[in-house]
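Here's a quick tour for anyone opening this structure for the first time. Let's look at how its parts meet.

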Amino acid sequence: MRPTPSRALAVLAAGLLATSAAGCGGGTTSGGGNGDPKTLTYWASNQGTDLAADRKVLDPELAKFEKQTGIKVKLEVVPWTDLLNRILAATTSGQGPDVLNIGNTWSASLQATGGLLPFDSAAMAEVGGARRFVPAALAAAGAKGRDPAAVPLYSLAYGLYYNKKMFADANLEPPGTWRELIDAGRELTKDGRYGIAIEGASIPENVHQAFTLGQMYGADFFTPDGRPQFATPQAVAAVKSYVDLLGKEKIAAPGNAEYSANQSLNDFATGKAAMLLWQATTSGLTNLGMKPGDWGVVPTPRPSPAPPGGRNITSMVAGINIAVFKSTGNREGALKFVKFMTGDEEQKILNRAYGSLPSVVSAQSDPAFDTADLKVFKRVLATSAAPLPQVPQESQFETAVGTAMKELFADAAAGRPITEAKVRERLAAAQQQMGG
């Protein structure tokens, strides 16, 4: 399941300065954080269809860890709607778990609180070394030039899903450029069906697409010294091209402007839309009635010709990281657990269960990750993916830009024209919210 933490992100933006001092303190954590070397507490993110599904996946693996080490792991699966608030409260109080999952886009923001154990050379060596991890995934574990605040656990990338039958019936090939995506979408938008489904009211989805398209247009949402610059010509062009799918091009349904809870996934799976820009989601589609072979995946199409300064990026680095609270009373046991969860065997088991990609290079060679879909996502992750800006204000960036795009989609759905000037105005207002 994809993380959708947007409702909590604003809280982090407000709380970073308040929590930075408290997060550096010691203290004990709840449960296993009392220094008992035979106990750990672990907050897992909700990766499955529900919390019970996660326990079904994780409980046998935690029992295996206990048998190997004698350390009992007290598991709590925390919904995405609660996870960030829970982490912030724990960072402030020092009363948190020993080990926890975090959305990888939060890494630099949480790193800035000082509440997470840095994976310096000693800590990294205890979990097997940095070279084990997929470089792009490890790059999304904290600010550049600092020791990572976490290590990758589950890796994901974006691609364009397309309905093979709908494309074949229209005698269309999967699009390789953004223009081809629009042209195919126009031909497939008829008889109550649309060319593509999007999540126009989803703040994280909006930001993910803005970042990826922004890279294609050569946009940098932050200067090298970390100052926000949201309304550059490149950023305006990228955001407008995405919103235009619903507005100018009319290949996405107007109702998509209100989608924020994976409704676009359902529309694609049920044949209401022919294309979908999404993270790896085999289980999500099969759970909705599709069969492997009903769909294909290609990298996110790029503008052609490439804009000046555009980069060969077709996805953000998506995924989940695993971290250790600095205030843990069982550092040794916590790092043993991180090493276990990122070991080759567990990486294969867990990522097979969740339909994601292993975050360690050697585990990706398993045949289970050589399906047609995952081959595309592996190639994207290895060659054309980049992490979202690893700056302390990243969470504020998600909230501000994602909300601006949500408002633009609402305008487009209402029939109001989306001009470059309007996009620039909304992005400039989002930048002002950052104090820039």
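Domain 1 and domain 2 of this predicted model bury about 2000 Å² between them, and 56% of that area sits on carbon and sulfur atoms. Within the share that domain 1 buries against domain 2, T105, F377 and A386 supply 28%, more than any other three residues.

Where do the two domains run along the chain? Domain 1 takes in 39–156 + 318–386, while domain 2 takes in 157–316 + 390–433. Their C-alpha centres lie 27 Å apart.

Now for who touches whom: 28 residues of domain 1 are in contact with 27 residues of domain 2. If you go looking for salt bridges across this interface, the count is zero. Polar contacts do turn up, with nine residue pairs between domain 1 and domain 2, both partners at pLDDT 80 or more.

Which elements build the side of domain 1 that touches domain 2? Among those supplying at least two residues each are these:

| Element | Residue range |
|---|---|
| α4 | 107–113 |
| α15 | 372–383 |
| β12 | 385–386 |

α15 gives the most to this side of domain 1, with eight residues. And what is the mix by class on the side of domain 1 that touches domain 2? You'll find 16 nonpolar, nine polar and three charged residues there.

So much for the tour; the short version goes like this. The two domains bury about 2000 Å² between them, with nine residue pairs in polar contact and zero salt bridges across the interface.

Note on methods:
Residues are numbered from 1 along each chain as its sequence is written. This is a predicted model: local features need pLDDT of at least 70, side-chain atom pairs count only at pLDDT 80 or more; totals for chains, interfaces and linings use all residues. Side-chain values use heavy atoms; hydrogens and water are left out. Domain bounds come from an automatic or database domain assignment. Contact means heavy atoms within 4.5 Å. Buried area is the accessible area (1.4 Å probe) that two parts lose on being put together, summed over both. A salt bridge is a side-chain nitrogen of Lys or Arg within 4 Å of a carboxyl oxygen of Asp or Glu. A polar contact is a pair of N or O atoms within 3.5 Å; within protein, one must be able to donate a hydrogen and the other to accept it, and residues adjacent in sequence count only if both atoms are side-chain atoms. Helices (H or I, at least four residues) and strands (E, at least two) are DSSP runs, numbered from the N terminus. Ala, Val, Leu, Ile, Met, Phe, Trp, Tyr, Cys and Pro count as nonpolar, Asp, Glu, Lys and Arg as charged, and the others, Gly among them, as polar.
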